[in-house]
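Visitor: I should like to take a close look at the interior of this protein. Could you please guide me through the nonpolar core and the parts around it?

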2 protein chains.
Amino acid sequence: MSPALIRFLPILSWGRTYNRTALSNDLVAALIVTIMLIPQSLAYALLAGLPPEAGLYASIVPIVLYAVFGTSRALAVGPVAVVSLMTAAALSNIVEQGTMGYAVAALSLAGLSGAILLAMGLFRLGFVANFLSHPVIAGFITASGIIIAASQLKHILGIDASGHNLLELVISLVEHLPEINWITTIIGVLATGFLFWVRKGLKPLLQRMGLGTGLTGVLVKTGPVAVVVVTTAAVWLFGLADMDVKIVGSVPQSLPPLTLPSFSPALLGQLLLPAFLISIIGFVESISVAQTLAAKKRQRIDPDQELIGLGAANIGASLTGGFPVTGGFSRSVVNFDAGAETPAAGAFTAVGLAIAALALTPLIFFLPKATLAATIIVAVLSLVDFSILKRSWAYSKADFAAVLATIVLTLAMGVEAGVSAGVLLSVLLHLYKTSKPHIAEVGQVPGTEHYRNVLRHEVLTDPAVVTLRVDESLYFANARYLEEKIQSRVAKDKDIRHVILQCSAINEIDFSALESLEMINERLREMNVKLHLSEVKGPVMDRLQKAHFLSDLTGRVFLSQFDAAQTVNRKTDLAAPAG
Amino acid sequence: MSPALIRFLPILSWGRTYNRTALSNDLVAALIVTIMLIPQSLAYALLAGLPPEAGLYASIVPIVLYAVFGTSRALAVGPVAVVSLMTAAALSNIVEQGTMGYAVAALSLAGLSGAILLAMGLFRLGFVANFLSHPVIAGFITASGIIIAASQLKHILGIDASGHNLLELVISLVEHLPEINWITTIIGVLATGFLFWVRKGLKPLLQRMGLGTGLTGVLVKTGPVAVVVVTTAAVWLFGLADMDVKIVGSVPQSLPPLTLPSFSPALLGQLLLPAFLISIIGFVESISVAQTLAAKKRQRIDPDQELIGLGAANIGASLTGGFPVTGGFSRSVVNFDAGAETPAAGAFTAVGLAIAALALTPLIFFLPKATLAATIIVAVLSLVDFSILKRSWAYSKADFAAVLATIVLTLAMGVEAGVSAGVLLSVLLHLYKTSKPHIAEVGQVPGTEHYRNVLRHEVLTDPAVVTLRVDESLYFANARYLEEKIQSRVAKDKDIRHVILQCSAINEIDFSALESLEMINERLREMNVKLHLSEVKGPVMDRLQKAHFLSDLTGRVFLSQFDAAQTVNRKTDLAAPAG
């Protein structure tokens, strides 16, 4: 089989060696994941502002397509919290929730996002995701978790409320608070409390009772299903729906329908930026899960192929009544822990969910929305992690500023503005940091060939020679800074006859920096000072040789700083024996 | 006197030692510059879409204020071509040319730009200008020169035309071509031809005739004045104004008037971005001239103080009927060559221009606009320099792309879009370049303690140990790339037991990269592989010690790569004598 084909269809590599052991492992994993996914997909559809069945549909075909095109063996693709929130934020700016147009816009958003991911994969543009720094992602995820939890409070309280940032949400919640439905609130609070207890209390309890970690994990994951069953039964038995407890209501019994996204240029234009942000955030979340799980089995993830896999999954979602999807953390970990060996586990999960969509939907007629909200709140609060503030503060104030700004802006202005501002800020902070590089004036450590910072060490210097070591690559953001540094150093000391630039830390010199070096050389010539370079790295030297700079250089290029200092020193002595 | 006072008022440092020699030198320089500036300032006012006297006004008070606050001894501040073009582009989007509102908007633009420059100087934000890479500036200046020349063709041809990018201008010129005024065209073409000849033909001629470089320079600079005198006389003598040759007309005989910019928030809001771009471009142009001239006398320029000087000059312009100004290249060079010793030369120039504004304006009633256009065209064509394309192509394709994109976008979309796109592109290209750093797998050069790329040299390696040297600082844009590289390298070779990162080229590790290293360490642990570091630089090590990374590290940190390889090797041998 051609390697290119295997690259684009990873299924061909694992499919050929598929055997019975793998099959049974995959089936068990699929069963567990299916049970976990049913309430989760209903809940994330609610979060995205869509009818609950959309969550099931978004979990079926995308999983299968990812199994065909993706490279991770354990990644489970479907609706996830942050992407669902971003979907709701993107759509409700454009169309009204609950309308037909909203569902179509969701399909279009998934299709557009799929196309963007696919294009990034084919043109190997995955590096774009690298511009999201860890502080920005961490801040964004934490703030999103808070917004999501706040957005679900209305379902817990049984009131109306809306808003896409924390402030809007809180104001809206307070305004509608008098309309609170107490029965709904009791269901919601009990469900939330129970789910928290399952996470924090049940797990240690079961472990103390001697259950294995695997079984404990499975039981804990069935918590949401238990809550769904119990609260649905309660609503049905006590006729709570008549007391204004909002329920899911009738859900069509159907396999995922064939749907077509809108191709209206106006709509696609409005969705382009959100689709791009959703693609990038989804990709970053997914690849990080995939790589963590792959490392555990010493497997390799191909980021460009992952883009193709996620792209296919999203296009699949847009053609089958879904909304944007990506690889989810918790479901993938469950899948992995349950022993999934190949992407076939994903396909089996899809079959399980398809059966659920066909057969089980009448059973959730009386499922209260408050229960789904409780599922979401408990899931997303694990995303909220303020420790990043402390850790980044300890390590670097600039990175701390990026985290804080992203959290504050996301909470205050919503997800799109928050993540955009975070990216912009990290780039600016990076440029700022490298725009004023550390430049050390160095001298010879007596009796050695080593040169060290004159401010930190007792070293030998020569009044006619200044040696500067720049601890950064030279590029446009710091080129002019170097010009200024050298000019002011030389202007203040009339004895200087030679400037040596020790280039040992310079990994690159771009065209701006080259022109600055030419300028420095020229200006030093005007001041009757020679410019020398020492310890230029191979690739930098190769590049410099393509320009005129080396032939215009008033001084020389030395292999070592020691050579440079020796040679220049001798010359100075000869020319000016008195100096 | 307090050093702080001297920093903010550089006049205090040179003013105390001012003597008769300096005075006479400054007076001579001022006379020459005044003669050169009269037609130039009228012409640039025309380019900015303002009445000619605005050009004189913009040259008087700003020069004096710069003399007080600026640090360059020779810089001549006033209207310059590119800034005048940017002024016209900014204003004509907002108000109609020729209206009272247009002149007020020009004052506001100068005031806003002055405030921005002043703030940048006080808060030491001059580094912002560093984000304009040399390719972007070069491309922008070249494209601006072409647009300016094209915009002046209408005056040469005596027709109406408008537009702020090359395409609009060309279309408009072609549409109005039938209205061509032949007499204007003859004056314009002759004036342009004469001025070109003065530059290209007269200079060599005078030099061959044995005149000194200085005198030749002065005579050449009087060329524009000669053209002004001759064409004005011709229009007056032959009554050409009655034949539809457009003339400057009546200009008030007045010192610069006291004016007040508009403080309308709506107007200032619209002017903010253009004012910012004008400030940055003006500052970059000015500081580069100032530093080149300062180097010739081994003087020092303080960039933050320059911002204050230019800020004061622009605020001065806004209060005295002017428009945005900056330090001009040609006038400063003339000033320097003519022997200006101190900023007092600028003050004397201001006096000369004030006399011109008071006494000489009736003489330019019959001055044809075509003559001013000819002055501009000849001046700006020296800005057009396509050699930057060739030079950047030879040195770096990325920088070439930035130049080309800036030229094309400026010509196609105008100055603001062009320079913004150029800046964005250089930043993206820089991030892209550093996002995939060169990572070399290294091995020991036999018999030495040196380690070199396994692909380039015959070196010794150990199948259980992989040593990677990353030739770039680690930060968010390349952190994930490193994760992928290491994971795929280790996944494909099951014998690997140790990974050593040689950190000799790493100048910084930001928080994202720290978290990636933690992730790499964790994932390698899962694969039963140890991670070691070698040759970590001091500041990087200081930073790492603030985090938990070093205590979580599965391997060790070694001072030298040789140490690392020796130690790890021994351990491997002990642990697995068969391997």
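Guide: A nonpolar core is a set of buried Ala, Val, Leu, Ile, Met, Phe, Trp, Tyr and Cys residues joined through side-chain atoms within 4.5 Å. Please keep in mind that the model is predicted. With that term in hand, we may turn to the largest nonpolar core, which has 137 residues; the members that touch the most other members are B:Leu482, B:Leu501, B:Ile509 and B:Leu544. The largest share of this core is supplied by helix H12 (residues 265-296) of chain A, with 15 residues. As background, nonpolar side chains tend to be buried together in soluble globular proteins.

Let us consider B:Ile509 in detail. Apart from residues up to four places away in sequence, B:Ile509 touches A:Tyr395 in chain A, and, in chain B, B:Leu474, B:Leu514, B:Leu517, B:Val540, B:Arg543 and B:Leu544. A second core, separate from the largest one, has 135 residues, among them A:Val499, B:Tyr66, B:Val251 and B:Ala345.

Another interior position is A:Ser108, found in helix H6 (residues 100-122) of chain A. Its relative accessibility is 2%, and because buried means under 20%, A:Ser108 counts as buried. Beyond its neighbours within four places in sequence, A:Ser108 is in contact with A:Pro261, A:Ser262, A:Leu267, A:Leu268 and A:Leu271.

The interior also holds empty spaces. There are 11 cavities of 30 Å³ or more, and the largest cavity has a volume of about 110 Å³. Its lining consists of 15 residues, of which A:Ile63, A:Leu75, A:Ala76, A:Asn335 and A:Gly346 are the closest to its centre. Helix H4 (52-69) and helix H15 (344-360) of chain A each contribute at least two residues to this lining, and H4(A) gives the most, with 3 residues. Sorted by class, the lining of the largest cavity comprises 9 nonpolar, 5 polar and 1 charged residues.

Finally, two loop residues of chain B offer a contrast in setting. Most residues other than glycine have a negative phi. B:Asn528, however, has a positive phi near 65°, and this residue lies in the loop between helix H21 (511-526) and strand S7 (530-534) of chain B. B:Asn528 has a relative accessible area of 63% and is therefore exposed. B:Glu535, likewise not a glycine, has a positive phi of about 55°. B:Glu535 sits in the loop between S7 and helix H22 (538-544) of chain B, and its relative accessibility of 25% makes B:Glu535 partly exposed.

Conventions:
Residues are numbered from 1 along each chain as its sequence is written. Chains are lettered from A and ligands numbered from 1 in the order in which they are written. This is a predicted model: local features need pLDDT of at least 70, side-chain atom pairs count only at pLDDT 80 or more; totals for chains, interfaces and linings use all residues. Side-chain values use heavy atoms; hydrogens and water are left out. Helices (H or I, at least four residues) and strands (E, at least two) are DSSP runs, numbered from the N terminus. Buried means under 20% relative accessible area, exposed over 50%, partly exposed in between (1.4 Å probe, protein chains only). Contact means heavy atoms within 4.5 Å. On a 1 Å grid over the protein atoms alone, a cavity is a set of points where a 1.4 Å probe fits but cannot get out, and a pocket is an open set with protein on both sides within 12 Å along at least five of seven lines; lining residues have an atom within 4 Å of a point. Grid points are joined across faces, edges and corners, and a volume is the space filled by probe spheres set on the points. Ala, Val, Leu, Ile, Met, Phe, Trp, Tyr, Cys and Pro count as nonpolar, Asp, Glu, Lys and Arg as charged, and the others, Gly among them, as polar.
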